[in-house]
Amino acid sequence: MNRIQFSYYSSTKQLTSCYKKLFSSLQNLKSLNPSFQVLSAETPSNPYPHVNHNKSLTIEGTSYKLDDQTNVSPSILSKLSRNLHLQPHHPLYILRTQIEQHFPHFSYFNTLNPIVTVQKNFDDLGFPKDHPGRSKTDSYYINEQIMLRTHTSAHQLEIFSKMNKKFLISGDVYRRDEIDSSHYPIFHQMEGAQIFNMQNIEQEISEDKKYLISLNSTISSQKTPLRDNNEVNDDTIISSNNPIQSCHPIEQVNYVIQHLKFSLNSLIKKLFINHDENLKIRWIDAYFPFTSPSWEMEIFFKGKWLEICGCGIVEQDVLNKAGQNDKIGWAFGLGLERIAMVLFDIPDIRLFWSHDERFLNQFTNFNDNKIIKFQPFSKFPPCIKDISFWLNDQDFHENNFCEIIRDIAEDLVEDVKLVSFS
Ligand code: PHE
């Protein structure tokens, strides 16, 4: 038998009533994983009132069949329609439009449905069947075949198939996660991709790079000059740990890599042009099933390296499936909240979801010469609670517990810590 002890705190007293509800709802662990036995909680009458467990769930007019894989929760579903990246004056909207300005001749897709097939989110991109991202503890499933997208890459194949050569996709993405100030189960990503004709890649890339440089210099002549490259740290090398694809000639891959790194470095420098602190960027090797080689880009903020972007050379298999066999190119996925937190000085990821005018009205006078820094507003003093419970099952995942807390207390609970598991 395992005793699991969590400590959690919120800044309001409303949490006391949540605490009681939470305790009685521990039985929900059972509906998330039928092997759980919660020995000291009462059974609530219907823990998921919007879900008719034997039948279906209707989301925005479409009905979905439910099955053993279903694990979407009411608090998550209630956020599907918020579309923060489309709300004028919201920091995520401001950031999205700034990124779009850096890629002016791209096609933009900002309203693709976050409810996607598992095929699109994972299979089409070459995720192995046992990839941990597929598990129910990490992703939200509506049923065995339909899920909430975990990344904007879920739309890559579909957009490449429409013969697009350069595009940006923005949208909300969903991953089950911890509770603290920098994690939230919904965040926003911006996917970018550009592909070139294999045959005359040198010419296409050099024309495009000239264009990007001229774009940057127009901007820098209006404002402070762009910071120089010394602040970008990149010792990544092509090796067997992060290889090029066997179907790609090294010379052509090198052109694409240079173009990708130039596009992203210049984007980040431009976004942070008015940032007070010195900007440090670094590139590190990474792995994604749908790019090779792959990298992550990180920025240094408040003493820590923050990952803000995953990227790489698109797997040829994805381009071939899309009917773009004669192309080669790059793709990236930027995490918008991480960048916006640094840019606007927003200390807690949950503030993006606030309906409080003290938050929303702060950004209405934004113009791109001046980033508006977030001004904190008062909160009630913190109130800390501990809770322990017993389960007679080894197979416990912290995310299942966090999900219950979110459903009951929504964003009132600011931090949840597993104190002991014995
Ligand atoms: N989809 C990846 C993620 O969410 C990021 C990525 C996008 C990586 C495009 C490579 C290419 O982590």
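## Contacts and the overall fold

Two residues are in contact when heavy atoms of theirs lie within 4.5 Å. With that in hand, take the contacts in the protein chain between residues at least 6 apart in sequence: 71% of them join residues at least 24 apart. Keep in mind that this is a predicted model.

The protein chain has 422 residues, and 55% of them count as buried. Its secondary structure comes to 12 helices and 15 strands. About 19,100 Å² of the protein chain is exposed, with 50% of that area supplied by carbon and sulfur atoms.

## Around the ligand

Which residues sit closest to the ligand? They are His-151, Ser-153, Arg-175, Gln-189 and Gly-333, out of 14 residues that surround the ligand.

Three of these side chains come with distances to the ligand. The side chain of Ser-153 has an N or O atom 2.8 Å from a nitrogen atom of the ligand. Arg-175 places a polar side-chain atom 2.8 Å from an oxygen atom of the ligand. For Gln-189, an N or O atom of the side chain is 2.9 Å from a ligand oxygen atom. On its own the ligand has 330 Å² of accessible area, and the protein covers 92% of that.

## Glu-191, a buried acid

Glu-191 sits in strand β8, which spans residues 186–197. Glu-191 is buried but has no salt bridge. How far away is the nearest side chain of opposite charge? That side chain belongs to Arg-175, and the distance is 8.3 Å. A salt bridge needs the side-chain nitrogen within 4 Å of a carboxyl oxygen, so a pair at a greater distance does not count. Arg-175 does turn up among the residues closest to the ligand.

What Glu-191 has instead is polar company. Its side chain makes a polar contact of 2.8 Å with the side chain of Ser-153, and another polar contact, of 2.9 Å, joins the side chains of Glu-191 and Gln-156. Ser-153 therefore shows up twice in this report: its side chain is in polar contact with Glu-191, and an N or O atom of that side chain is 2.8 Å from a ligand nitrogen atom. Leaving aside neighbours within four places in sequence, Glu-191 is in contact with residues including Thr-152, Phe-167, Leu-168, Ile-169, Phe-332 and Gly-333.

## Ala-193, on the strand with Glu-191

Ala-193 is also placed in strand β8. Is Ala-193 buried or exposed? Its relative accessibility is 0%, so Ala-193 counts as buried.

Beyond neighbours within four places in sequence, Ala-193 is in contact with Phe-106, Phe-160, Lys-165, Lys-166, Phe-167, Trp-330 and Ala-331. Phe-167 is among the contacts of Glu-191 too. Ala-193 and Gly-333 are 140 residues apart in sequence, yet their C-alpha atoms are 8.9 Å apart in space.

## Helix α10

Helix α10 covers residues 336–344, and eight of its nine residues are buried. Those buried residues are Leu-336, Glu-337, Ile-339, Ala-340, Met-341, Val-342, Leu-343 and Phe-344.

What covers the buried residues of α10? The cover includes helices α4 (91–102) and α8 (250–271), along with strands β8, β11 (291–301), β12 (304–314) and β13 (327–335). Just after α10 comes Asp-345, which has a positive phi, near 65°.

## Salt bridges

Side chains of opposite charge can pair when their charged atoms come close. The structure holds 15 salt bridges. One of them links Asp-123 and Lys-129, with the closest N and O atoms 3.0 Å apart. Asp-123 counts as partly exposed because its relative accessibility is 21%, whereas Lys-129, at 67%, counts as exposed.

Lys-327 and Asp-326 also meet in a salt bridge, 3.1 Å from N to O. Here Lys-327 is buried, with a relative accessible area of 9%, while Asp-326 is partly exposed at 43%. Another salt bridge joins Asp-415 and Lys-417, where the closest N and O atoms are 3.4 Å apart. Asp-415 has a relative accessible area of 18%, so Asp-415 is buried. Salt bridges that share partners also build one network out of Asp-123, Lys-129 and Arg-134.

Definitions and conventions. Residues are numbered from 1 along each chain as its sequence is written. This is a predicted model: local features need pLDDT of at least 70, side-chain atom pairs count only at pLDDT 80 or more; totals for chains, interfaces and linings use all residues. Side-chain values use heavy atoms; hydrogens and water are left out. Helices (H or I, at least four residues) and strands (E, at least two) are DSSP runs, numbered from the N terminus. Buried means under 20% relative accessible area, exposed over 50%, partly exposed in between (1.4 Å probe, protein chains only). Lys and Arg count as positive and Asp and Glu as negative; His and the chain ends are not counted. A polar contact is a pair of N or O atoms within 3.5 Å; within protein, one must be able to donate a hydrogen and the other to accept it, and residues adjacent in sequence count only if both atoms are side-chain atoms. A residue is near a molecule or strand if one of its heavy atoms lies within 4 Å of it. Accessible areas come from the Shrake-Rupley method with a 1.4 Å probe; for residues, only the protein chains shown count as cover.
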